[in-house]
Amino acid sequence: MAGVPLTQLSSAGVRFRQALAEEQPLQVVGTINAYCAMMATQAGFRAIYLSGAGVANACFGLPDLGMTSATEVAEEIRRITAVTEVPLLVDADTGWGHAFSIGRTVQQFIRAGAAGMHLEDQSGAKRCGHRPNKALASTAEMCDRLKSALDARTDPHFVIMARTDALAELGIDHAIDRARQYAATGADMIFAEALQTIDDAARFAREVPVPVLANITEFGRTPLWTVDELRAAGIRVALYPLSAFRAMNLAAANVFATIRQSSTQKSLLDRMQTREQLYQHLGYHAFEQKLDQLFAKENQ
């Protein structure tokens with residue numbers, strides 16, 4: 001597959017796997033909506049991400065406590081994959097139910113255009129991975145979740161990633177043991193949540209026989225390691241799940257406060273994306289030119 005343009009490959013899963021092979025570590029940036037996905041694509045990212053917390057927060061005004069559904073997430077997948085060929089990795093929380101429900105989630109996500117998804121080993125009443133008092137499902141239950149997901153794949157290249165939240169609660173030995181069992185069950189990759197030292201990251205990468213993802217999220221338990229540090233540790237995927245979303249939120253809060261207090265947005269213009277920049281990302285002028293051509297034909 002080396003050298004084949006991404007848009008000519010057969011599925012989103014294949015495109016994700018090629019990007020993983022060609023960029024080490026693969027930087028995967030969170031895109032909260034279709035427009036963010038377009039900007040990330042134009043910035044040159046080889047893979048993008050849809051966060052479960054992001055869907056809950058941005059689309060429904062809810063906390064990241066497993067309160068959204070697979071169908072709601074699938075709708076966001078469809079919107080994003082409609083505007084970019086860059087492969088999309090999706091947060092599937094705990095899979096939203098028992099074996100048949102997990103299988104249905106996999107097939108919904110494939111139909112919606114996702115490249116892969118990760119399942120986590122928290123209990124059904126999940127919490128943010130960087131919050132205290134997480135409750136874990138048993139290793140056997142998580143392996144059953146993975147078996148259900150793997151069995152349901154209609155595209156063998158669709159990535160099934162297993163996330164373990166065990167490190168923060170039970171320590172690295174237990175977390176690595178779980179990760180190895182998940183890989184033996186058939187998980188394509190491992191999401192090692194809440195890593196706290198680069199030595200722990202390197203140990204995960206060394207002792208787990210499939211590619212390992214490190215979640216480089218802000219304001220959590222994991223340091224903001226550089227790509228060079230992650231590469232040296234053997235980490236294959238660097239995830240930035242909500243970086244742009246956090247920046248957008250602070251910018252929006254400042255805009256709202258300034259307009260309310262100053263009665264004008266004049267002081268904010270140098271911090272705004274211009275109308276022309278928006279048009280460039282959207283390809284607006286090409287659409288407008290097409291309209292002009294169509295109306296010119298009608299007039300003739």
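## A buried polar pair

The side chain of N215 makes a polar contact with that of E193, at 3.1 Å. This report concerns a predicted model. N215 is situated in strand 7, whereas E193 belongs to the loop that runs between strand 6 (189-192) and helix 9 (198-207).

Both partners are buried under the cut-off applied here, under 20% relative accessible area. N215 counts as buried because its relative accessibility is 7%. E193 likewise counts as buried, because its relative accessibility is 3%. The loop residue also approaches strand 7 through the backbone: the C-alpha atoms of E193 and A214 are separated by 6.8 Å, although the two residues are 21 apart along the chain.

## Helix 9 and its surroundings

Helix 9 follows the loop that holds E193. The buried residues of this helix are D200, A201, A202, F204 and A205. They pack against strand 5 (159-164), helix 7 (166-170), helix 8 (172-185), strand 6, strand 7 (212-215) and helix 10 (227-233).

## Helix 1 and the turn after it

Helix 1 (residues 12-22) is largely enclosed by the rest of the structure, because 8 of its 11 residues are buried. The buried positions are A12, G13, V14, R15, F16, Q18, A19 and L20; R15 and Q18 are thus included in the buried set. The cover over these residues includes strand 1 (26-30), strand 2, strand 3 (88-91), strand 5, strand 6 and strand 8 (237-240).

The loop between helix 1 and strand 1 contains P25. The peptide bond joining Q24 and P25 is cis, with omega at about -5°.

## Nonpolar cores

In soluble globular proteins, nonpolar side chains tend to be buried together. In this model the largest nonpolar core has 60 residues, and the members that touch the most others are I77, F109, I190 and F204. F204 is also one of the buried residues of helix 9.

With residues up to four places away in sequence set aside, I77 touches L50, L88, V90, F109, A112, G113 and A114. A second core, separate from the largest, has 17 residues, among them L20, L26, L89 and V237. L20 is also listed among the buried residues of helix 1.

## The largest pocket

The largest pocket has a volume of about 510 Å³. Its lining is made up of 14 residues, and M248, A251, R271, M272 and Q273 lie nearest the centre. Helix 2 (34-43) and helix 11 (243-262) are the elements that give two or more residues to this lining. Helix 11 gives the most, with 6 residues.

Sorted by class, the pocket lining has 9 nonpolar residues, 4 polar residues and 1 charged residue.

## The enclosed cavity

The count of cavities of 30 Å³ or more comes to 1. About 60 Å³ of space lies in the largest cavity. Its lining has 14 residues, with G30, T31, I32, P241 and L242 nearest the centre. Strand 2 (47-50) and helix 11 each supply at least two lining residues, and the largest share, 4 residues, comes from helix 11. Helix 11 also gives the most residues to the lining of the largest pocket.

The classes in the cavity lining are 9 nonpolar, 5 polar and no charged residues. The lining of the largest pocket, by comparison, has 1 charged residue.

## Residues with positive phi

Two residues other than glycine have a positive phi. For D93 the angle is near 50°, and for S263 it is near 65°. D93 lies in the loop between strand 3 and helix 5 (99-112), while S263 is placed in the loop between helix 11 and helix 12 (275-282).

The surroundings of these two residues can be set side by side. D93 counts as buried because its relative accessibility is 3%. S263 counts as exposed because its relative accessibility is 66%, and the cut-off for exposed is over 50%.

Methods: Residues numbered from 1 in each chain as written. Predicted model: local features only at pLDDT ≥ 70, side-chain atom pairs only at ≥ 80, totals over all residues. Heavy atoms only, no water. 1 Å grid on protein atoms, 1.4 Å probe; cavity = no way out; pocket = protein on both sides within 12 Å on 5 of 7 lines; lining within 4 Å. Points joined across faces, edges and corners; volume = space filled by probe spheres on them. Nonpolar A, V, L, I, M, F, W, Y, C, P; charged D, E, K, R; others polar. Core = buried A, V, L, I, M, F, W, Y, C linked by side-chain atoms within 4.5 Å. Buried < 20%, exposed > 50% of the residue type's maximum accessible area, 1.4 Å probe, protein only. Contact = heavy atoms within 4.5 Å. Polar contact = N/O pair within 3.5 Å; in protein donor to acceptor, adjacent residues only side chain to side chain.
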